[in-house]
Each structure stands twice: as C-alpha cells, then as structure tokens.
Amino acid sequence: MADRHLVRFEPVGIEIEVGEEQTILRAAAEQGLMLMHGCKEGQCAACKSFVLDGEDIELDKYSTFALPDFEKDEGFTLLCRAHVYEDVTIELLHYDEELIKSGLPLQRATAEVAAIEEVTHDLRHVTLTLLDPTELRYFPGQYVDVTVPHHGVTRSFSMANTPTGRAGTLEFVIKVYPDGHFSSLLAGGGLSVGDRVEVVGPYGVFTLREGSDARIVLVGGGAGMAPILALLRALAERGSGRDIVFYYGARTTRDLCFEDELHELERALPRFRYVPALSEPDSADSAGWDGETGFVTDVLKRREESLTGAHAYVCGPPPMVEAAMPVLEGLGVEERRIYYDKFTTTGNAEK
Ligand SMILES: Cc1cc2nc3c(=O)[nH]c(=O)nc-3n(C[C@H](O)[C@H](O)[C@H](O)COP(=O)(O)OP(=O)(O)OC[C@H]3O[C@@H](n4cnc5c(N)ncnc54)[C@H](O)[C@@H]3O)c2cc1C
Ligand code: FES
C-alpha cells in the first residue's frame with residue numbers, strides 16, 4: 001500500500017491522512033470532509049488553495065486557466081489534482097464553516113437506466129433506479145459520477161430530484177453533445193433503458209444553506225436546470241416561505257423545459273417566481289413570446305434593483321456562471337453567498 005501523509009487545513013485546524021495514490025480532495029471526500037470543489041478535474045479552480053508548508057506535492061493533468069503557472073510558482077495548488085509525498089499544511093481560500101464537517105462519505109452504487117425522456121431537442125431527462133444499494137444519501141444540489149461500464153466513460157451529473165422525493169431513484173437532466181462521449185450514448189442508443197451503470201458520490205457544495213430566511217436568487221442555463229430543480233423541489237417539500245426567484249436562460253422556446261412543474265412550484269411556494277429569458281427570441285419557434293428577452297444575466301440586472309442580503313445559486317455552462325458572478329456582486333450579493341457549479345466538460349484539460 002502506498003505511503004500516507006498528514007494534511008493539515010488552515011484556518012480550520014482539521015487534519016486528515018492522504019495516501020500518495022489519492023488526491024487531497026478525494027481523501028477528504030472519502031472521510032466526509034466537504035471542501036470547496038466543482039469539476040474535480042483541474043478545470044474550474046473552485047478547489048484552489050495555498051500551500052503554507054511542504055514542497056513535495058505533484059499535480060495530475062490540469063488546465064492553466066484554473067491554475068496559471070505564476071500562481072503555481074507563488075504556492076497555489078488545486079486540491080483535486082494534488083498528491084502529497086510528505087506532510088503538508090494547506091490554507092483553504094474558500095470554505096464554508098456550515099458545510100465543512102457535514103459531508104457525507106462517498107458511496108458507490110449500481111443502478112439501472114429506468115427512463116430516458118427527451119425534454120428539449122438537446123436535453124434528456126434520465127432516471128436511474130438504484131439496485132445495490134437501493135438508497136444513496138446526498139443533499140439536494142449535489143452530483144455523482146456516472147460510469148457506463150462497457151464504454152468506460154465517466155461523467156459528473158447533478159441530481160434533479162431530492163433524496164426523499166423519489167427515494168431509490170436518481171434523476172438527471174443531461175445535455176446531448178453530438179460528439180460527446182457520454183451524452184451521445186443517450187441519443188445514439190449506446191445507453192438504453194435496462195442498462196446498468198456505476199454511480200459514485202455524492203460530490204459538490206451546491207447545496208441549500210438553511211438556517212436563514214434570506215432571499216434566494218437562482219440563475220441557471222441549459223442542464224443547470226437539474227440541481228436548481230432539486231433545490232426548488234427541496235424547498236417545496238419543506239413548505240418554505242422564503243422569497244425565491246429563478247432566472248433561467250434559454251436560446252428559444254424550444255430550449256425551455258419543466259415549464260409545467262415550475263409553474264406548479266409557483267403555486268406550491270407562495271413567494272417563488274420563475275423568470276425564463278430567451279437570448280434568441282427572433283427565431284420562428286419563439287414567435288408570440290411575451291416573456292423576458294436577452295442574456296439571462298442582463299435580464300437579472302434589468303429586473304433587480306438590489307440583492308443585498310440575498311443568497312445566490314448559479315449553475316450551468318462556465319461562461320454563464322462567470323458572467324453572473326460580477327452581476328450578482330454588483331447587485332449587492334456577498335461573494336461568499338454566491339454558490340455555483342460550473343458544468344465544465346472534460347475536453348479542455350491542458351497539462
Ligand atoms: C460538477 C459538475 C456537474 C455536472 N452536471 C451536469 C448535469 O447535471 N447535466 C449535464 O448535462 N452535464 C453536467 N456536467 C457536465 C458533464 O459532466 C459532461 O462534461 C458533459 O455531459 C459532456 O460530456 P460528454 O462525454 O457528453 O462530452 P465530451 O466527450 O466530454 O465532450 C464535451 C464537449 O467538449 C468537446 N471536446 C471533447 N474533447 C475535446 C478536446 N480534447 N478539446 C476541446 N474540446 C473537446 C466536445 O466537442 C463537446 O462539445 C457536469 C459537470 C460538472 C463538473
Ligand atoms: S474542483 Fe479542482 S479545479 Fe475544479
């Protein structure tokens with residue numbers, strides 16, 4: 001067995017043991033420690049931290065967008081890529097005291113594809129039935145890694161359902177890329193109802209911060225619908241009275257999905273409003289649209305005067321998430337109250 005070393009996290013003063021074959025993030029997740037992370041693949045920078053003490057650290061392949069060379073030279077590292085070969089001390093740049101010790105240890109499950117429904121021309125609503133074990137614990141908003149055994153492809157997908165809503169099942173909203181290794185299996189019949197997949201999780205920190213009555217602003221695009229739907233469903237299950245607004249960006253009406261359920265949620269949650277925004281409303285299929293138009297971030301800016309004190313949850317393609325951050329901060333949301341998941345794809349790693 002490979003050697004293990006002590007990793008100490010500051011300023012929280014927590015220590016864990018990490019095997020040389022594991023990344024620091026993986027070891028933490030296995031021990032139920034919820035450190036900030038997103039892609040786990042060195043692409044999104046969410047796990048960026050600073051090495052206070054120790055030098056013998058090696059990184060797996062990562063993108064220099066996430067960790068430019070000058071930052072690496074200054075002592076920054078990516079916990080999802082870092083292997084340690086001596087005891088080290090790491091300063092966590094972003095951490096959430098409410099969450100850090102509340103993590104659920106990683107679980108592994110076998111599941112069967114129960115349904116694949118077309119909810120738009122390029123989004124599929126995929127339902128898995130858990131076979132062994134028949135339950136998986138997670139918080140609404142989290143994601144799992146799904147592996148299709150015969151194809152050997154693993155991708156991350158966020159659950160759209162709550163663990164209590166439809167126990168024993170995992171629901172996802174998956175965007176089909178014509179040349180996507182995983183998603184083209186859904187469209188091309190490579191993955192069908194009855195097929196088995198392997199699931200590992202839960203991962204992710206895109207979870208509801210409860211114990212607060214703060215206003216909630218949800219901003220999503222594309223398959224970013226999935227974890228936001230999970231948060232809304234969870235809020236409805238709890239009969240939340242919080243003031244909630246969901247800005248969803250789509251190109252045309254063809255790209256809108258779960259509309260009936262979202263309007264149903266507006267009835268179930270007395271202070272919830274759903275605001276879809278079309279960025280290309282001129283196309284023929286959007287004729288007659290009387291809702292918002294423009295990029296979702298512009299619509300947000302136009303409709304909100306101040307979001308001081310609000311909690312924001314942003315999820316979808318990386319450019320949309322990156323565009324939303326300064327807009328939300330400009331409207332008064334504290335940086336530490338902007339929770340996000342960037343749906344990075346695996347195709348961009350550089351090193
Ligand atoms: C935390 C997290 C949660 C996520 N949740 C969801 C979710 O709920 N729903 C969802 O749909 N997706 C989600 N994703 C994205 C998902 O994991 C996959 O990355 C996505 O589905 C694409 O996988 P694929 O195998 O179909 O495509 P890939 O084969 O990975 O290709 C994706 C895109 O990258 C391009 N590409 C491939 N290889 C390269 C290369 N070498 N250089 C440049 N470009 C390349 C392809 O052309 C394609 O456009 C999530 C990602 C993260 C990190
Ligand atoms: S989680 Fe480490 S770079 Fe995305």
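This is a stop-by-stop tour of a predicted model, with a selection to make at each stop.

**The whole protein**

Start with everything shown as cartoon. You should find seven helices and 19 strands. The radius of gyration is 20 Å, close to the 20 Å that the globule rule gives for 351 residues, so the protein is as compact as a globular protein of that length. Turn it along its principal axes and the C-alpha atoms fill a box of roughly 65 × 50 × 40 Å. If you colour by burial, 42% of the 351 residues come up as buried. Contacts reach a long way along the chain, too: among those between residues at least 6 apart in sequence, 71% join residues at least 24 apart.

**Colouring by domain**

Now give each domain a colour. The domain assignment puts domain 1 at 4–92, domain 2 at 107–203 and domain 3 at 216–348. Place a centre on the C-alpha atoms of domain 1 and another on those of domain 2, and the two sit 28 Å apart.

**The five-stranded sheet**

Select strands 1, 2, 3, 5 and 7. They make an open sheet with the order 2-1-7-3-5 and mixed pairing. At its edges you'll see strand 2 (14–19) and strand 5 (76–78), each pairing on one side only. Look along the sheet for its twist, which averages 40 degrees from one strand to the next.

Then zoom in on residues 4–10, which are strand 1; this strand pairs with strand 2 in the antiparallel sense, over six bridges. For a single pair to pick out, show phenylalanine 9 and, opposite it in strand 2, isoleucine 14.

**The six-stranded sheet**

Next, select strands 14 to 19. Here the sheet is again open, but the pairing is parallel and the order reads 17-16-15-14-18-19. Strand 17 (292–293) and strand 19 are at the edges with a single partner strand each, so one side of each has no neighbour in the sheet.

Where does strand 17 attach? Look at strand 16 (residues 272–278): the two pair in the parallel sense over two bridges. One spot to label is alanine 277, whose bridge partner in strand 17 is glutamate 292.

**Helix 4**

Select residues 225–237. Helix 4 has 13 residues and runs 18 Å from first C-alpha to last, close to the 18 Å expected at 1.5 Å a residue. Is this helix buried or exposed? Of its 13 residues, 11 are buried, so helix 4 is largely enclosed by the rest of the structure. Show side chains for the buried set, which includes Met225, Pro227, Ile228, Leu229 and Arg233. Just past the end of the helix, stop at glycine 239, where phi is positive at about 60 degrees.

**Helix 7**

Finish with residues 318–330. The 13 residues of helix 7 should span 18 Å at 1.5 Å a residue, and the end C-alpha atoms are 19 Å apart, which agrees. Which residues of helix 7 are buried? Show Met320, Val321, Ala324, Val327 and Leu328.

To see what covers them, add strand 14 (216–221), strand 15 (244–250), helix 6 (296–303), strand 18 (311–316) and strand 19 (338–342), which are among the covering elements. The strands in that selection belong to the six-stranded sheet from earlier. The last stop is glycine 332, just after helix 7, with a positive phi of about 105 degrees.

Notes:
Residues numbered from 1 in each chain as written. Chains lettered and ligands numbered in written order. Predicted model: local features only at pLDDT ≥ 70, side-chain atom pairs only at ≥ 80, totals over all residues. Pairing = 2+ DSSP bridges. Helix = DSSP H or I, 4+ residues; strand = E, 2+ residues; numbered from the N terminus. Axes fitted to C-alpha atoms, helices over the stretch in contact; angles between N-to-C directions. Domains from an automatic or database assignment. Expected span 1.5 Å × (residues − 1). Buried ≥ 20, exposed ≤ 12 C-beta atoms within 10 Å, placed from the backbone. Contact = placed C-beta atoms within 7 Å. Rg over C-alpha atoms; globule rule 2.2 N^0.38 Å.
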